[in-house]
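The following exercises practise reading a protein structure step by step. Please attempt each task before turning to its solution.

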Amino acid sequence: MSNLRWKVITIVTVFVIFFAVGVYPLVAQRYGIHSPSWLMDKALKLGLDLKGGVHLVLRVQTEDALRLVTDQEMERLREALKSKSVPFTRIEATDAVHFKVEGIAPAQDAAFRQIASEVQTNFDRSAGTNGTYTFTMRPNIQVNLRDEAVVQARQTIERRVNELGVTEPSIAQQGTGGDEILVQLPGVTDVERAKEIIRSTGLLELKIVERVAPTKEELLVNGQVPDGMDIVPGVGSAGDASTMFYLVKKAAVVSGQDLRNARPSVDENNRPAVSFTLSSDGGRRFGKASGENIGRQLAIILDGRVQSAPVLESRITTEGRISGSFTPEEVQNLSLILRSGALPATMSYLEERTIGPTLGADSIRSGVIASLVGLLLVVSFMLVYYRLSGVNAVVALIFNLIILLGLMAYIGAVMTLPGIAGFVLTMGIGVDSNVLIFERIKEELEAQRGVRASINAGFARVFWTLVDTHVAALISCAFLFQFGTGPIRGFAVTLFIGLLSNLFTSIFVSKTLYEVALANRHQVATLSI
Amino acid sequence: MHIFKNANYDFLRWRWHAIAASWVIILVGVVTIATKGIPKGVEFAGGTVVIEQFDQPVSVQQVRQALDRNYPGGGQNTVVQSYGDASARQMMIRVPQVGVELGGALSNEAQQVEDALRKANLGNFKRQGAEIVGATVGRELTSRGIWAVVLSLVGILLYLAFRFQFSFGVGAVVATIHDLLITLAFLAFFRYDMSLNVIAAILTMTGFSTNDTIVIFDRIRENLRGMRRDSMNQIINVSVNQTLGRTVITSGTALLTALALFFFGGEVLHGFAFTMVVGIITGTYSSVFIAAAIVSFWRGTGPTRAAAHAPAAAPATAPQQPTRRSKPQRKARAS
């Protein structure tokens, strides 16, 4: 008897815990009952397809990050060769991970090799004919840089999304190449703004201007861009729509990394502008460069385009301002992007999904209605066909769904539309387990065994059948989770938990219910089944 | 209450008819897929889908005309459907292209569709949802889906080979592949878009079919111990009959829930529910006719191995034989 008492206590405890975690917060939320936050924080959350919002998949162009490092290292070698007076005819990047040096005189070969070895630690060097050397980025460095670029991009996006003030965003890496980033923004309706802010590279560079011309060709020296210089397009000085070209020093005085803050403001003509503050180190470098270049133009370059090129009138240290033809909203977005830091690489959108809030609500309504109709049909059938034993099955079924809700809330799983489908399937499997058991008990009763013996034999014989069917389903679930994306994973999680809780309810809870029902009857002749 | 009182159908007698029928459906399915293809949803094919809510009622015809006239390249290959209940005045428009994947122009097509609708003066409308998928995404999804199916089948084969016998594992896996092919055939006949939800349903249904098969196998395993003198075919028939009540009830209740999803689950769950309905029916059928038949082919029709290899044990179980022999289905089988 005491054995049975402990079983009942276990079941009631489990029920209370899962009800408190899984069901109570939903009810309290719906009817506005005030409850302690530790209970409400765990409330089951709705997925994007039910709540509405934006779902974006971006791919990080990791080549960009490699190209950046290749350019930097190439420039370092150029500077080193110049300072050590080793002549060469040409140095250029051939693609994202290669650059080559041409025209090293045979007499300077040893000196070049020594300088190159000192400067280039991340590149493999191979010698060609006529004093040509090709540098290739080491494969492990390439892998590291790609990984870093994706992680950094994810972190930058996280910062930007947080500044947007989205509640409970989800940002995760995915894809076989590991270079995709999934961004989910529940409740966001202004898709275009969100996309623009997320994708902007936000690369800010301040560079000293050498010359300005209306065409690119006028800036070339002997048909080439001068060494250590770059040509950047940008706005005309008149502030009109015409495009001007700026010959600037390749090395930036300061860049976005030196930025400490950026905020919307207005310029001297009361036009929207962005004011920024540099870090103390950036401020020192900026002060030095601006002091040396008074009277010259300073190009403020954002994402490879000159936004403005004011003349330096005095030494500037930590405070600056970007003005141009901005709208107030652009200024807001630009400050946000600058504050959150530059992206290490450009990104492209692979996928975009928006679910309006009404569409999500419609989906919930039909999903819930369908589940309830299904539940009702199954419950009625079980009650009619199995009579009192049907009550047992229905109790086990409801128990199962409550455990499922509770566990999902506890592990922080999200309720999605395929998740609702997982609920329905769990219901089906739960019913199946009870049907298996009941049919077996019926068989045993027909073989003229006593009621108690039949029940025991029914449960005992079906036990391994249930284990086999559940393990097989769990195997499928595991692969579904491993290879599935988004919604499919939600489905796999729901089903996985449902299978586990079903083993508990159909084997343990149902049997105990029978024992409780028969506990006070000494001579049991019939069973309502 | 009993659905089947003392069922004693000779299921294995019908196995050749069943296999022939399955082959016909599968072959017609393969021909349909080869000639017309399986319609792919945007998740797999790439493309742009927008769902617009109109202030005034509009017909599919009006929207289509608007696209024919104003959408760049005309309305070729576009799909226009009313979405959800007619009173909701929602239209789903699908165009195969997406904007340039590189850069931010992914949603250009969605804009162009809306521009075309605006030009046609169909009244105000509001975008309720959009799904824009680049062409590269689908390839990865397909390969992932196939891997998930193949690996879970291998997993089930190994588990059943370990828990039962190798032939049982083969039977279950062949039955599951059979169900997959039949379901794909029906999806092709009824032109349902292959979407992530449909894939979820296919995987659910394979789980369901294996579940059914295992229950019957489990009974065969149990009867193999008790009916050592009987042929494998007799044991299989008895086992299928003994579990028939359970098979029909379980499949019936599952079918009820799937039908509830189909009729009340809304637009998004339509493909899912349809796949489930087909899957449950074919899964039940294949457990009885395909999985068991494979075990029968594999193991031959002679006495079971237990009987052949354990003559000494046979007398010991003899006293049990009369009670078991009195079961009606055994008599029917002998006659």
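**Exercise 1: A residue and its core**

Task. Leaving aside neighbours within four places in sequence, determine which residues are in contact with F272(B).

Solution. Step 1: with those neighbours set aside, F272(B) is in contact with A421(A) in chain A. Step 2: on its own chain, F272(B) is in contact with N197(B), V198(B), A200(B), A201(B) and L261(B). Step 3: the setting is the largest nonpolar core, which has 132 residues. The members touching the most other members are A200(B), L261(B), F272(B) and M276(B). Step 4: helix α10(A) supplies the largest share of this core, namely 18 residues. Step 5: another core, of 73 residues, lies apart from this one; Y246(A), V248(A), F326(A) and A342(A) are among its members. As background, nonpolar side chains tend to be buried together in soluble globular proteins.

**Exercise 2: Confidence in the model**

Task. The model is predicted; state where confidence in chain A is lowest and where it is highest.

Solution. Step 1: the average pLDDT of chain A is 84, and 97% of the residues score at least 70. Step 2: the lowest confidence in chain A belongs to helix α2 (residues 37-40), with a mean of 77. Step 3: the highest belongs to strand β6 (residues 133-137) of chain A, at 91.

**Exercise 3: The two chains in outline**

Task. Describe the secondary structure, burial and contacts of chain A and of chain B, and the dimensions of chain A.

Solution. Step 1: chain A contains 13 helices and 19 strands, while chain B contains 14 helices and four strands. Step 2: in chain A, 43% of the 529 residues count as buried; in chain B, 49% of the 335 residues do. Step 3: consider contacts between residues at least 6 apart in sequence. In chain A, 70% of these join residues at least 24 apart; in chain B, 78% join residues 24 or more positions apart. Step 4: the radius of gyration of chain A is 34 Å, whereas a compact globule of 529 residues would have one near 24 Å. Along the principal axes, the C-alpha atoms of chain A fill a box of roughly 110 × 60 × 35 Å.

**Exercise 4: The contact between the chains**

Task. Establish how many residues each chain brings to the contact and which elements of chain A take part.

Solution. Step 1: chain A brings 56 residues and chain B brings 58 residues. Step 2: on the side of chain A, at least two residues each come from α7 (191-199), β18 (347-355), α10 (357-410), α11 (417-446), α12 (451-483) and α13 (486-518). Step 3: α10(A) gives the largest share of that side, 14 residues. Step 4: by character, the side of chain A that touches chain B has 31 nonpolar, 16 polar and nine charged residues.

**Exercise 5: Strand β18(A)**

Task. Explain why β18(A) is described as largely enclosed, and identify the strands joined to it by bridges.

Solution. Step 1: eight of the nine residues of β18(A) are buried, so the strand is largely enclosed by the rest of the structure. Step 2: within chain A, strand β2 (residues 53-60) is joined to β18(A) by eight bridges, and the two run antiparallel. Here S348(A) in β18(A) is the bridge partner of R59(A). Step 3: across the chains, five bridges join β18(A) to strand β4 (residues 125-133) of chain B, again in an antiparallel arrangement. In this pairing, R353(A) stands opposite E131(B), and I355(A) stands opposite G129(B).

Note on methods: Residues are numbered from 1 along each chain as its sequence is written. Chains are lettered from A and ligands numbered from 1 in the order in which they are written. This is a predicted model: local features need pLDDT of at least 70, side-chain atom pairs count only at pLDDT 80 or more; totals for chains, interfaces and linings use all residues. The radius of gyration is taken over C-alpha atoms; the globule rule is 2.2 Å times the number of residues to the power 0.38. A residue is buried if 20 or more other C-beta atoms lie within 10 Å of its own, exposed if 12 or fewer, and partly exposed in between; C-beta atoms are placed from the backbone. Two residues are in contact if their C-beta atoms, placed from the backbone, lie within 7 Å. pLDDT is the predictor's confidence in each residue, from 0 to 100. Ala, Val, Leu, Ile, Met, Phe, Trp, Tyr, Cys and Pro count as nonpolar, Asp, Glu, Lys and Arg as charged, and the others, Gly among them, as polar. Two strands pair if DSSP finds at least two bridges between them. A nonpolar core is a set of buried Ala, Val, Leu, Ile, Met, Phe, Trp, Tyr and Cys residues joined through C-beta atoms within 7 Å.
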